[in-house]
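Colleague: I'd love a close look at one part of this model, the ligand site. What surrounds the ligand?

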Amino acid sequence: MNIYGITRENLEKYFVSINEKKFKALQIFEWLYQKRENDIEKFSNIKKEIRDKIKNDFSFNLPTIIKKEIDTDVEKFLFLLEDGEKIEAVLMRHNYGLSVCVSSEVGCNMGCKFCESGRLKKVRNLKSYEMVGQILAIEKEIKERINSVVIMGIGEPLDNYDNVIDFIKIINDPKGISIGARHITLSTCGLIPKMDLLSELNIQINLAISLHAPNDELRSQIMPINKVYHLNELIKAIKNYIAKTNRRVTIEYVLLKGINDKIEHAYELANLLKGMNVYVNLIPYNETNHLEFQKSDKKSIDLFYQTLQKEKINVTVRKEFGSNISAACGQLRSKEV
Ligand code: SAH
């Protein structure tokens, strides 16, 4: 087992199981996350005998950065995992701090027609330590701390529920990496049973839903998952999530030229979302190898935006960056296969 995938609660259980005091877990967390110390020999308040035992039971490896590409305000990292698989993560420099977009799976099974990441079918889930490791390895590389995390890289996070939840617990733990729940965003194409589970957990993270279409016909064309969970059920699940958590939900909507960017789609979307505690994040489409899709022109984006505003829907347009190095939404792993 890798130490970076263990929640504090589980590490306490481990110490109890080896007849040690629970608070040792806290001490280990302080070394790993508050001091960001990776070398257990430096854990000076832990006896040698226990250090040896821990070393025997856990690995301390972080994923290896094998390539780094830099663009204005964005860096993309290619990681090599222990079994030879590769994933990517993206660092973004905002005026409010540094955020990292982490991957949750090797490949993805959701098959959204406009997304590059889904070209590679899911090979496996990432373990929690491999998600925690993306953050720590990037911090080590850039010698700066990360302030916020978006789970929007390769993979469908709710299709890897348990590992993703442990990951969130570890980075959110005030004695762990201590990233506030409101600085953590999970984006999903809408796996309803898992959204329901998440709503019961009572964690205050941001939930973003990849909606991308205002009706079933269109959504099923571009997102196969819609054939499993229809739009009206998804909207019901979002309402349930909002009612349970009292949190505003983000609706992501990628604008595809001539497909879902017409003014009647904006009205239909406004109608669908009316009265819900949501805000719409319009995403200008990033070019991929899916040549059948193109970015909406500026005029259509503006009109879509204004129509939603007129209909009293909270709306923003996602800042575009990273496309020069294929680091933008939906572009990860399009070149490094
Ligand atoms: N599987 C998750 C998270 C990964 S994608 C999900 O579906 O939400 C993060 C966001 O980027 C999603 O909203 C996704 O639909 C969007 N996206 C995918 N391809 C894109 C592209 N080519 N241009 C812009 N956004 C894209």
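**The ligand and its surroundings**

Modeller: Happy to help! To set the scene, the domain assignment, which is an automatic or database one, splits the protein into domain 1 (3-57) and domain 2 (64-325). This is a predicted model, so local features need pLDDT of at least 70 and side-chain atom pairs 80 or more, while totals for chains, interfaces and linings use all residues. Residues are numbered from 1 along each chain as its sequence is written, and side-chain values use heavy atoms, without hydrogens or water.

The C-alpha centres of the two domains are 33 Å apart. Domain 1 puts 12 residues into the contact and domain 2 puts in 15, where contact means heavy atoms within 4.5 Å.

Now to the ligand. Its shell holds 21 residues, with Ser 187, Ser 210, His 212, Asn 286 and Gly 330 the closest; a residue belongs if one of its heavy atoms lies within 4 Å. By type, the shell has 10 nonpolar, nine polar and two charged residues, with Gly counted as polar and Tyr, Cys and Pro as nonpolar.

Several side chains make polar contacts (N or O pairs within 3.5 Å). Glu 156 has a side-chain N or O atom 3.2 Å from a ligand nitrogen. Two others face ligand oxygens: a polar side-chain atom of His 212 sits 2.5 Å from one, and a polar side-chain atom of Glu 252 is 3.3 Å from an oxygen of the ligand. On its own the ligand would expose 540 Å², and the protein buries 96% of that (Shrake-Rupley areas, 1.4 Å probe). The elements that supply two or more shell residues are β8 (184-188), β10 (249-255) and β11 (278-284); strands are DSSP E runs of at least two residues, and helices H or I runs of at least four.

One more residue to look at is Asn 215, in the loop between β9 (206-210) and α7 (216-222). The Asn 215 side chain comes to 2.8 Å from the backbone nitrogen of Leu 218. Leaving out residues up to four places away in sequence, Asn 215 touches Leu 231 and Glu 268.

Definitions and conventions:
A polar contact is a pair of N or O atoms within 3.5 Å; within protein, one must be able to donate a hydrogen and the other to accept it, and residues adjacent in sequence count only if both atoms are side-chain atoms.
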